[in-house]
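Reader: Hello! I am new to this structure and would love a close look at a single part of it. Could you walk me through one strand and its surroundings?

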Amino acid sequence: MKDNIFGESHKVLFYETDRTKQTTIGMLINILMLASQNQSIYLGLTEEKINDKGYGWVITQHILTVERLPIFGENIRVYTKAKSYNRYFCYRDFWIEDGNGTIITRMHSVFVLMDHKKRKIARLLPELVEPYGGEYTNKIERLANPLTESNAQYVSEKTYRVRFMDIDSNQHVNNVHYFDWMIDGLTEDFLLTHDLTEMNIKYKKEIHYGETVDSETSISENKLVTYHKISAENEESCYASCTWKSR
């Protein structure tokens with residue numbers, strides 16, 4: 001690693017893309033998060049080691065910006081860096097470069113440490129954060145919430161049942177599935193004619209095995225911003241806004 005930046009190469013596989021040959025949003029997040037996981041393994045802070053201490057990492061917010069999505073067969077470089085942390089929150093940056101070294105995607109994420117037994121956020125342990133080289137700060141980042149619009153036009157509401165394979169080792173739905181549930185609320189015509197430029201997603205409550213999930217989708221008057229809400233058992237779990245451009 002150089003300057004606390006961890007990077008790795010990745011070739012985009014066919015199952016990471018959709019019919020447009022672009023990486024799906026869920027798979028894009030998987031690729032970015034894999035770099036974070038591999039950095040943890042490199043530093044000896046494996047998931048098993050953290051679980052043995054009774055903890056697990058949980059994401060509370062992603063802010064994704066996209067110049068363009070990686071495409072099938074493309075060789076990319078994925079980077080991540082632990083930016084800073086305070087007593088309860090860790091802030092991490094991700095980015096992807098194409099073969100020419102041009103940054104095509106960025107993401108800023110907020111992590112917290114979850115106490116598995118209490119199911120509550122725990123104070124960060126120095127031995128679990130200091131090896132990443134992030135800067136300690138007393139400040140809490142004031143990130144913008146996802147956009148909302150009271151008069152947005154209704155698009156759809158879909159219902160899903162949480163399956164066993166949707167659950168990760170932290171005993172709740174892996175947050176990547178939220179992206180699929182949200183994007184699935186948009187029409188085929190919209191997805192074939194628009195490209196994502198920004199997504200802001202904020203998580204509020206865990207979803208567990210067997211629960212019923214409702215995904216609500218609406219769209220702005222100019223048809224370039226979509227609004228998404230995921231609820232489980234009638235309680236809001238997360239919400240997001242996506243900004244698009246016409247293809």
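Is strand S4 (residues 90-97) mostly covered or mostly uncovered, and how many of its eight residues are buried?

Author: Happy to help! Please keep in mind that this is a predicted model. Strand S4, which spans residues 90-97, is mostly covered, with seven of its eight residues buried.

Let us begin with the strands that pair with S4. On one side of the pairing list is strand S3, residues 75-85, which runs antiparallel to S4 and is joined to it by eight bridges. To find a spot where the two meet, look for Thr80, which stands opposite Phe94 in S4. S3 and S4 also form a hairpin, and four residues lie between them.

The next partner is strand S5, residues 103-115. Eight bridges join S4 to S5, and these two strands run antiparallel. You can follow this pairing at two places: Trp95 stands opposite Arg106 in S5, and Tyr91 has Val110 in S5 as its bridge partner. S4 and S5 form a hairpin too, with five residues between the strands. Within that hairpin, Gly101 takes a positive phi near 85°.

Since S5 pairs with S4, it is worth following S5 a little further. S5 is mostly covered as well: eleven of its 13 residues are buried. Strand S2 (55-66) is another partner, joined to S5 by eleven bridges in an antiparallel arrangement. A handy place to look is Leu64, whose bridge partner in S5 is Met107. S5 also pairs with strand S6, residues 120-122, through three bridges, and those two strands run antiparallel. There, Met114 has Ile121 in S6 as its bridge partner. S5 and S6 form a hairpin with four residues between them, and Arg119 in the turn has a positive phi of about 55°.

Now go back to S3 and look at what comes before it. The loop between S2 and S3 holds Phe72. This residue has 45% relative accessibility, so it counts as partly exposed. Phe72 belongs to a nonpolar patch on the surface, together with Leu13, Phe14 and Tyr15; the patch has about 440 Å² of accessible area in total. Phe14 counts as exposed because its relative accessibility is 59%.

That patch brings us to the aromatic rings. A search of the whole structure finds eight aromatic pairs. One of them is Phe14 with Tyr15: the ring centres are 5.5 Å apart and the planes stand at 80°, so this pair is edge-to-face. Another is Tyr160 with Trp181, whose centres are 5.9 Å apart and whose planes are at 25°, so this pair is stacked. The stacked pair links distant parts of the chain, with Tyr160 in strand S8 (residues 153-161) and Trp181 in helix H4, 21 residues apart. Both Tyr160 and Trp181 are buried. Ring pairs also link these two residues with Tyr178 and Tyr203 into a cluster.

Helix H4 makes a good last stop for comparing with the strand you asked about. It covers residues 176-183, and seven of its eight residues are buried, so the helix is largely enclosed by the rest of the structure. Among those buried residues are Tyr178, Phe179 and Trp181. For your own tour, start from S4, with seven of its eight residues buried, and then step across to S3 and S5.

Methods. Residues numbered from 1 in each chain as written. Predicted model: local features only at pLDDT ≥ 70, side-chain atom pairs only at ≥ 80, totals over all residues. Heavy atoms only, no water. Buried < 20%, exposed > 50% of the residue type's maximum accessible area, 1.4 Å probe, protein only. Pairing = 2+ DSSP bridges. Patch = residues over 30% accessible without salt bridge, like charges linked within 9 Å, V, L, I, M, F, W, Y side chains within 5 Å. Areas by Shrake-Rupley, 256 points an atom, 1.4 Å probe, with all protein chains shown as cover. Salt bridge = Lys/Arg side-chain N within 4 Å of Asp/Glu carboxyl O. Phe/Tyr/Trp six-rings, centres within 6.5 Å; stacked < 30°, edge-to-face > 60°.
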